[in-house]
Amino acid sequence: MSESNSTAAPAAFAVQKRRLRLLGLTLDDTIKAFFGGNAVVAIVVLTLITIFLLREGLGFFTQNSQSLRVYRQAGLEYVDFIRAEVDDHTALTRYLSDLRLRQFTALTETKQLPLEEANAALATFDAFADRFGSTVDPLRSLLSDLTEQATAIKTKFIVTGDKKEERRQLLAEGKTAEAAAVQIEETDFAGELKPLLATLPAFKEGNREFGRALLATLDGAPVMPAPELAVRMGKLKQLTRAYVAGLPAVEHALETWDYTRPIPAWKAVSSFVFGRQWLTASFWQDWYGVIPLFIGSLMVSIVALVLAVPLGVGAAIYINQVATLREQRIIKPCIEFISAIPSVVLGFFGIAVLGQALRALSQVSWLSWMPGFPYSERLNILTAGCLLALIAVPTIFTLAEDALNNVPRAFKEASFALGASRLQTIVKIIVPASLSGIISAVLLGLGRVVGETMVVLLCAGNRIAIPDFTAGLSVVTQPVHTMTGIIAQEMGEVVRGSIHYRALFVVGLVLFALSLLINYVAQGIVRKYRISIG
Amino acid sequence: MDIPPSASAKSSAGKSAFSLPTVAVPSVSAPGGLAAPAGEALVDISHLDFFYQTSQALHDINLKIEAKKVTAFIGPSGCGKSTLLRCLNRMNDLIDGTRVARGTIKIHGVDIYQPDVDVIELRKRVGMVFQKSNPFPKSIYENITYGLRLQGLNDKAKLDAVVEKSLRGAALWDEVKDRLDSSGLGLSGGQQQRLCIARAIAVEPEVILMDEPCSALDPVATAKVEELIQELRERFTIVIVTHNMQQAARCSDKTAFFYLGKLIEFAATRDIFTNPANAQTEAYVSGRFG
């Protein structure tokens with residue numbers, strides 16, 4: 001070879017060669033285009049989904065603004081002032097019945113009275129409670145009249161809206177004659193509201209009478225037998241006086257109420273973000289407040305994390321630092337296998353087994369000291385949280401184990417060489433050194449839990465209400481509804497393009513933003529606190 | 001081979017102070033704190049066979065390490081010198097499947113492989129510096145006080161004193177005294193290694209094991225560590241594993257040459273390097289193999 005080179009003319013250094021070309025691209029270019037194309041598809045899909053979510057979701061706010069305007073113009077808002085007053089009275093009545101229940105329990109359990117005697121002993125109390133409750137009756141009947149009137153106005157407005165839509169469609173189809181034939185009666189809010197507003201003097205009169213009557217009943221309050229109950233009765237009197245003192249404020253609100261006052265634009269957003277009611281398909285007014293759903297998701301996630309973090313991190317520490325090779329080979333696949341269980345199966349298990357078992361457990365008498373025990377709702381935050389914990393454990397375990405694995409062996413050896421025990425080494429060196437990884441593992445576990453749908457839909461109880469936090473820790477035994485659950489449950493039933501439909505999209509957007517935030521924070525933590533290894 | 005006068009004066013005192021694990025530990029904060037006089041055999045290895053799983057790493061090692069001397073282990077890679085070093089504070093226990101099949105390692109006459117030996121106590125008395133500097137991802141101060149805090153010492157004044165003493169002892173004080181609260185990982189390689197030495201001497205061990213402490217350092221940092229070893233021999237018994245024969249020649253009193261898991265020759269360093277008794281030793285130290 002070297003001989004031929006030395007004799008012949010020197011060959012070109014790089015031999016030129018025809019390359020295979022596909023559509024004018026070389027093979028290398030084709031391969032590059034193939035892989036690049038896959039990446040582009042991912043980006044395009046993400047962009048499309050985001051655009052779709054935003055387009056469908058943001059329309060909600062204009063519709064919500066419109067809905068709030070009608071709420072005001074049709075006088076529903078006006079009537080709701082009175083309704084709130086009546087509802088507050090109902091709350092006081094509830095307090096009173098709670099008091100009766102306590103007294104009744106005291107009589108039957110501590111004094112061992114038979115039921116009839118106990119009821120008889122409470123006769124004066126019941127008479128008082130009846131008087132207390134009936135004071136509001138005149139107002140209540142006024143309220144139901146007003147409710148009917150306001151509903152009628154709203155219905156009229158909606159019918160007009162439907163007719164307008166009909167005409168618009170006919171025009172779009174070019175049927176001008178038919179369109180002209182559609183009778184449209186513009187709603188005259190001012191005129192319609194007149195009879196409604198005319199009831200104000202009557203209301204004022206009734207309201208003052210109501211306040212006087214309520215205070216008068218208080219004087220006839222029965223004397224409570226036990227000091228603890230007397231304190232409660234005192235509290236009731238105090239609450240009632242405060243309530244009566246607040247009555248003129250309602251009158252004032254009604255006097256100054258003006259249906260023409262415009263709804264500020266931010267109301268459409270704030271009534272969603274801070275709204276405490278998610279009420280749909282109501283005859284009165286639909287409310288799309290995300291707070292009950294958000295709190296439901298949050299509570300379920302917190303319970304899940306409280307259970308899953310010790311389990312997942314603990315198992316990771318055990319596997320990484322303590323377990324023998326044999327134990328590792330058994331335990332690791334087991335934990336990772338949990339994530340292979342379909343969540344609908346877990347949910348099914350939750351309904352059929354776990355919810356039942358937990359409720360039975362809560363009714364065991366010697367466990368009654370536990371907060372919230374015993375409880376009767378089989379499906380609640382606790383049930384869903386336990387199952388979600390099961391879903392989060394593999395994520396947390398795997399990522400935390402990775403983080404622990406990344407701690408250089410040298411740290412461990414140095415610690416042992418200084419006379420540290422295994423526990424001291426874990427607590428003082430290994431865990432602090434991998435803390436950032438463990439925290440991000442927990443956050444990603446949280447992301448997993450927040451986005452989980454099937455289990456919460458099946459097991460969280462699906463009651464759309466903010467749980468009663470005054471119950472303390474036992475709040476976890478109450479049912480809730482979640483953001484993921486509501487979308488899954490209601491999306492199938494809503495009319496496309498309706499306000500309800502769009503509200504669900506906004507809930508989806510909130511979930512999307514939440515997941516993004518969690519992932520972003522988790523990555524940030526890892527990046528910021530990544531230990532540089534000597 | 002000059003024996004420090006203070007050590008020779010108490011040649012007969014406190015010989016049995018090192019007793020594991022039941023007898024109370026002698027106060028480590030006593031001046032010197034070290035019981036064995038210089039020149040006396042502190043570590044006695046006899047007929048040691050050591051296995052990784054089924055492969056034998058050490059064959060019938062017999063060796064006496066003298067107190068307050070620097071003993072160097074040399075030999076080609078894989079000859080078992082690091083394994084033997086790690087046997088002395090039972091660091092090999094951390095590796096699955098290792099075992100001492102035969103023989104004993106006695107420190108102060110106590111066999112450290114007896115089941116009733118408190119390994120944690122042993123490691124407090126036999127400190128270690130690793131090949132790669134491995135300060136904890138904590139502050140310099142926290143690094144030094146780690147061992148003492150493990151023992152339950154939380155007195156700030158005492159800890160401050162120990163930190164200064166240890167850093168001075170490791171010739172690092174002047175370089176870091178203004179930034180004790182900054183991370184130990186922010187130091188240069190040589191400083192990190194001296195920090196590790198300071199961390200090891202902070203708990204006042206009797207023996208310091210050094211596993212190729214300079215192999216990752218540049219010549220200037222190496223010189224500093226070697227200088228440090230010369231100072232530390234006054235107070236500690238030092239066992240150093242090294243690949244660098246000049247280093248062994250420069251800073252050790254006695255040298256052991258290992259080859260294929262066997263101790264080939266153990267003698268005064270001067271003899272090993274100028275007049276080796278064994279042909280293999282001569283071949284190795286003169287650079288013909290290894």
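This report describes a predicted model with two chains, A and B.

## Overall form of chain A

The secondary structure of chain A consists of 22 helices and 4 strands. The radius of gyration of this chain is 34 Å, whereas the globule rule gives 24 Å for 534 residues; chain A is therefore more spread out than a compact globule. Taken along the principal axes, the box filled by the C-alpha atoms of chain A is roughly 125 × 85 × 40 Å.

The domain assignment divides out two parts of chain A, namely domain 1 (74-263) and domain 2 (304-529). Their C-alpha centres are 42 Å apart. Of the 534 residues of chain A, 28% count as buried. Among the contacts in chain A with a separation of 6 or more, 77% are between residues 24 or more positions apart.

## A helix with one buried face

Helix α18 of chain A spans residues 422-433. Its buried residues are Thr425(A), Ile426(A), Ile429(A), Ile430(A) and Ala433(A). Seen down the axis of α18(A), these buried residues fall within an arc of 130°, so they line one face of the helix. A general property of helices helps in reading this pattern: an α-helix has 3.6 residues a turn, so residues three or four places apart point the same way.

The buried residues of α18(A) pack against three elements of chain A: α13 (291-322), α16 (381-405) and α17.

## The contact between the chains

The contact draws 18 residues from chain A and 23 residues from chain B. On the side of chain A that touches chain B, the elements that give two or more residues are α17 (409-417) and α18 (422-433). The most is given by α17(A), with 6 residues. By class, this side of chain A has 12 nonpolar, 5 polar and 1 charged residues.

## Overall form of chain B

Chain B contains 11 helices and 10 strands. Of its 290 residues, 46% count as buried. Among contacts in chain B between residues at least 6 apart in sequence, 70% join residues at least 24 apart.

## Strand pairing in chain B

Strand β4 of chain B (residues 98-107) pairs with strand β1 of chain B (residues 41-52) in the antiparallel sense, over 8 bridges. Within this part of the chain, Phe51(B) has Arg99(B) of β4(B) as its bridge partner.

Strand β4(B) also pairs in the antiparallel sense with strand β5 of chain B (residues 110-111), over 2 bridges. Here the bridge partner of Lys106(B) is Asp111(B), which belongs to β5(B). The two strands β4(B) and β5(B) form a hairpin with 2 residues between them.

## Two residues with positive phi

His108(B) is placed in the loop between β4 and β5 of chain B. Its phi is near 55°, a positive value in a residue other than glycine. A residue is buried if 20 or more other C-beta atoms lie within 10 Å of its own. His108(B) counts as buried because it has 21 C-beta neighbours inside 10 Å.

Leu260(B) lies in another loop of chain B, between β9 (254-259) and β10 (262-268). Although Leu260(B) is not a glycine, it has a positive phi of about 50°. Leu260(B) has 13 C-beta neighbours inside 10 Å and therefore counts as partly exposed.

Definitions and conventions. Residues are numbered from 1 along each chain as its sequence is written. Chains are lettered from A and ligands numbered from 1 in the order in which they are written. This is a predicted model: local features need pLDDT of at least 70, side-chain atom pairs count only at pLDDT 80 or more; totals for chains, interfaces and linings use all residues. Two residues are in contact if their C-beta atoms, placed from the backbone, lie within 7 Å. Ala, Val, Leu, Ile, Met, Phe, Trp, Tyr, Cys and Pro count as nonpolar, Asp, Glu, Lys and Arg as charged, and the others, Gly among them, as polar. Two strands pair if DSSP finds at least two bridges between them. Domain bounds come from an automatic or database domain assignment. A residue is buried if 20 or more other C-beta atoms lie within 10 Å of its own, exposed if 12 or fewer, and partly exposed in between; C-beta atoms are placed from the backbone. The arc is that of the directions from the helix axis to the C-beta atoms. The radius of gyration is taken over C-alpha atoms; the globule rule is 2.2 Å times the number of residues to the power 0.38.
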